[in-house]
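Here is a short tour for anyone opening this structure for the first time. Have the view ready and follow along, section by section.

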Amino acid sequence: MSSHKEATVKIAHLTDIYAALSQTNKAIIRSKSRQELFDAIVRISVDFGHFRMAWIGVVDDASRAIVPVAWAGEGIAYLDGLKVSADADSPYGQGPSGQCIRAGEHRVAENFFGTQITAPWQKRAAFFNFNSSAAFPLKNQGKTIGTLSLYSDVPEFFTDDLIELLTEMTDEISFALDRMDLEASHRQHEAEQKELVERLMASNTELERFAYVASHDLQEPLRTIVSFAQLLDRHLGDKLPPEDRENFEFVVGAAKRMGLLINDLLAFSRVSAKGVSFSRISLTAACSAAQDNLREVIAQNHAEITVGQLPEVIGDDVQLMQVFQNLIGNAVKFRHPDRKPVISIEAEQKDGKWQIAVRDNGIGIADTSQDIFEIFRRLHAGNQYPGSGVGLAICKRIITQHGGQIWVESEPGHGATFRFTLPV
């Protein structure tokens, strides 16, 4: 009869521990901070596990002391002035908590007064009627940072079944600590991203202001310089010596080049960092519009252009037309002097993306460590090939906004192939 009663009590207690496990999982979901979780765990241990007292201690890295951070139960005064250490050389580091920290595994004192490892605390344990205790490791990122220490007024209270359940419980707590760290890291990352976005938006606002200044305050003086220089040239007529006439031409030419540079810079800045509302558009139509815009220069250079079947994509038709216009225009501009420009435009689906190739038979691009897609980057002198070095930078910015990449493959004297990708 006695053994049956003991078995019934044991089963009832294990049932309570299962309930404590369930409550622990709920606390893990609800808790927003480590301290909130610790406070909940010690209350659950006492209320559902029927331990006389429970406390959580965390190791102080500097002193190696195990510092109580949460506690519950009838004998919490036991912790007043308590000295417990994780240091193996300290007399206060030989008990269940200290051994548990060092080993990373649970430690049990089946009879608190039948072992020397609990000697420093036996007097106060007797006052609070603690007869057995156990410490279970709490881990964070694989490191044991503290313990959950539990006390009972019954000797040999911690059976194998109970230890297994309590180990499962503290494993769940350790997992929750890792999750909290991960969430904190995500929150920090999101805050940093938000700050970066705000800084970029502020920078973009400044860029828009600059574009306004460039379009109005800079272009107007340039137009004035060109107009008055040409007016003086007409007014003075043949009175000007050849040297002075040449100087006038230098002034007008330099002002016109500056105007072109400002216009190209404005075109680059207008490719919004945020982009516009994308829709399904035809790359065939965008490429055709680019050729229409270049009709005169294509005809003058007798350029031959063939266009394969191009797909529909999600994007902005005007911006993608700009990409084709810049790449086709460059192919004509950098033609080989001994042959007419031949340009082919093709598309293929590769690695889950559309890859578009614009291939020419021009002078090609010499090997260089310079980024040809960098704004104002030019590989040729202005008197050889006019331009500002903004076109390819605009292409890269547009393709990047569309979620793609752009690059070039070339051999000097044998043309170049510009490739860019777009999402399917």
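## Salt bridges

Let's start with two charged side chains: R107 and E105 meet in a salt bridge, with 3.7 Å from N to O. Keep in mind that this is a predicted model. R107 has a relative accessible area of 26%, so it is partly exposed. E105 is partly exposed too, because its relative accessible area is 46%.

Now look for E304 and K340, whose side chains also form a salt bridge, this time at 3.1 Å from N to O. E304 sits in strand β7 (residues 304–307), while K340 is in the loop between α9 and β9 (342–350), so this pair ties together parts that are 36 residues apart in sequence. Both ends are partly exposed: E304 has a relative accessible area of 36%, and K340 comes in at 41%.

A third pair is E409 and R419, with their closest N and O atoms 3.0 Å apart. This one links distant parts of the chain, since E409 belongs to strand β11 (residues 406–410) and R419 to strand β12 (residues 416–423), 10 residues apart. E409 is partly exposed at 37% relative accessibility, whereas R419 is buried at 14%. And how many salt bridges does the count come to? The count is nine.

## A five-stranded sheet

Next up is an open sheet of five strands. Its order is β2-β1-β5-β4-β3, and the pairing is antiparallel. At the edges you'll find β2 (66–73) and β3 (107–109), each of which pairs on one side only. On average, neighbouring strands here are turned by 20° against each other, direction ignored.

Take a look at strand β1 (residues 53–59), which pairs with β2 in the antiparallel sense over seven bridges. Along this pairing, V58 stands opposite V67 in β2.

## Helices on the sheet

Which helices pack on this sheet? One of them is α2 (residues 34–49), which touches β1, β2, β4 (132–140) and β5 (143–152). The direction of α2 makes about 45° with that of β2.

Helix α3 (residues 96–103) packs on the sheet as well, and its contacts are with β1, β2, β3, β4 and β5. The direction of α3 makes about 150° with that of β5.

## Helix α9

Move along the chain to helix α9, which covers residues 317–333. At 1.5 Å a residue, its 17 residues should span 24 Å, and the end C-alpha atoms are indeed 24 Å apart, so expectation and model agree.

Which residues of α9 are buried? They are Q319, L320, M321, V323, F324, L327, I328, G329, N330, A331 and V332. As a reminder about helices in general, there are 3.6 residues a turn in an α-helix, so residues three or four places apart point the same way.

## Cysteines

How many disulfides does a search of the whole structure find? The search comes back with zero. As background, a disulfide is a covalent bond between the sulfur atoms of two cysteines.

Why is C395 not bonded to C287? The closest cysteine sulfur to that of C395 is in C287, but it is 12 Å away, which is too far for a bond; the cut-off is 2.5 Å. C395 counts as buried because its relative accessibility is 0%. C100 is another buried cysteine, with a relative accessibility of 0%.

How values were computed
Residues numbered from 1 in each chain as written. Predicted model: local features only at pLDDT ≥ 70, side-chain atom pairs only at ≥ 80, totals over all residues. Heavy atoms only, no water. Helix = DSSP H or I, 4+ residues; strand = E, 2+ residues; numbered from the N terminus. Expected span 1.5 Å × (residues − 1). Buried < 20%, exposed > 50% of the residue type's maximum accessible area, 1.4 Å probe, protein only. Pairing = 2+ DSSP bridges. Axes fitted to C-alpha atoms, helices over the stretch in contact; angles between N-to-C directions. Contact = heavy atoms within 4.5 Å. Salt bridge = Lys/Arg side-chain N within 4 Å of Asp/Glu carboxyl O.
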